[in-house]
Amino acid sequence: MDTSSISFTALYTGHVWYKHGMSARFFTSPRADLMYNAVRPINFVGEQLLGMSLGDMLLQRHRIMDHRIRQLIEQEGVTQILEIACGLSPRGYTFSRQYPHLHYVEADLPGMATRKQSLLLRHQGFGPNHKVVACNIFESGEPNGLDHVLANVLEPGRPTIIITEGLVNYFDLPTISGFWQKLAQLGRQFPAAWYITDLVPEVKEFHKRVLVSAAQKALGVMTQSRTNLHFRSDVDVERGFRQCGFPSVTVHRPEDFYDVLDIPRSEGESYVRVVEARC
Ligand SMILES: C[S@@+](CC[C@H](N)C(=O)[O-])C[C@H]1O[C@@H](n2cnc3c(N)ncnc32)[C@H](O)[C@@H]1O
């Protein structure tokens, strides 16, 4: 399946991380800056009509994910991370320095993986035990299959976290469930493994639903894909992940972290969720 039309959105998210002091300048570009400024009016409209901007939602998800990943490293002994669909996320760059014992593997489609690899090489961005590989979550076997990366790039004896961020809502439920089922099964080869992802479930309030649906259509046109809201509620998210084979699932809401983390607050109910599932 060719899903590379989504890749350019990583320029935008990468620039958001940089603008908020979470990333290095070399992950940005004039094109990303242009995109960032072009999206400003949309963010303004989002704030007025939906009670929060796209940028706020991105910050909520990224900071909650970072927080939980840190806790799993420091409290559960995680020593290996595979960040799939890494795009221009700074997480590999920062975490592999802060935790030099971590085996940190970043993965993305071949074009984006090559871009990230050369940026990190050019700017001495690689941590001590840090690499970038090509991976397509819908492929199997060599050279880029998910099973191939888990079996040949990761080290089997290490407690492991597998991350996807900003990826799953681009695919319909049967398609992404196929990936989740495979991951739940493949994750069992490690002594302990967690899958952490963000997703946006359906919005409850009618007027917000209409606006979110318009935003989805616009994003769909830009990325030549159809964005999907797979679940009706947090309970539904939990049930969906269990059905894919994850025995234990926690759904984190931004509201739960308002007093703990420096994250933007949503006006009314928040949109994004961070799902943490044991393999
Ligand atoms: C919205 S960007 C998110 C990037 C990064 N995770 C972040 O939050 O800044 C989506 C990423 O998914 C990657 N991607 C798209 N289809 C993929 C696939 N089939 N397998 C792996 N990665 C994929 C794209 O190349 C892109 O880097």
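**Exercise 1. Which polar backbone atom lies 2.7 Å from a nitrogen atom of the ligand, and which residues surround the ligand with it?**

Before starting, note that this is a predicted model, in which local features need pLDDT of at least 70 and side-chain atom pairs count only at pLDDT 80 or more, while totals for chains, interfaces and linings use all residues. Residues are numbered from 1 along each chain as its sequence is written, and side-chain values use heavy atoms, with hydrogens and water left out.

*Solution.* Step one: the polar backbone atom belongs to Ala 85, and it lies 2.7 Å from a nitrogen atom of the ligand, where a polar contact is a pair of N or O atoms within 3.5 Å (within protein, one must be able to donate a hydrogen and the other to accept it, and residues adjacent in sequence count only if both atoms are side-chain atoms). Step two: oxygen atoms of the ligand lie 2.6 Å from a side-chain N or O atom of Asp 108 and 3.0 Å from a side-chain N or O atom of Arg 61. The protein covers 99% of the 600 Å² of accessible area that the ligand has on its own, as found by the Shrake-Rupley method with a 1.4 Å probe (for residues, only the protein chains shown count as cover).

Step three: the ligand is surrounded by 21 residues, of which the closest are Thr 3, Ser 7, Thr 13, Ala 85 and Asp 108, with nearness meaning that a heavy atom of the residue lies within 4 Å. This shell divides into 11 nonpolar, 7 polar and 3 charged residues, and helix 1 (residues 9–19) gives the most to it, with 4 residues. Helices here are DSSP runs of H or I with at least four residues, and strands are runs of E with at least two, numbered from the N terminus.

**Exercise 2. Describe the surroundings of Ala 193 and Ser 23.**

*Solution.* Step one: Ala 193 is found in strand 5 (residues 193–199), and with a relative accessible area of 3% it is buried, a word that means under 20%, whereas exposed means over 50% and partly exposed lies in between (1.4 Å probe, protein chains only). Step two: leaving aside neighbours within four places in sequence, Ala 193 is in contact (heavy atoms within 4.5 Å) with residues including Thr 160 and Cys 279. Thr 160 is 33 residues from Ala 193 along the chain, yet their C-alpha atoms are separated by 4.7 Å.

Step three: Ser 23 lies in the loop between helix 1 and helix 2 (30–50), where it is buried at 15% relative accessible area. Not counting residues up to four places away in sequence, Ser 23 touches Trp 17, Tyr 18 and Pro 90.

**Exercise 3. How many disulfides does a search of the whole structure find?**

*Solution.* Step one: the search finds 0 disulfides, a disulfide being a pair of cysteine sulfur atoms within 2.5 Å. Step two: Cys 86 is in no disulfide, for the nearest cysteine sulfur, that of Cys 135, is 9.9 Å away. Step three: Cys 86 is buried at 4% relative accessibility, and Cys 135 is buried at 3%.

**Exercise 4. Where does the backbone show a cis peptide bond or a positive phi?**

*Solution.* Step one: recall that most residues other than glycine have a negative phi, and most peptide bonds are trans. Step two: the peptide bond from Glu 142 to Pro 143 is cis, with omega near -5°, and Pro 143 lies in the loop between strand 3 (130–134) and helix 6 (146–152). Step three: Ala 85 has a positive phi of about 60°, and Gln 124 has one of about 50°.

Notes
Nonpolar A, V, L, I, M, F, W, Y, C, P; charged D, E, K, R; others polar.
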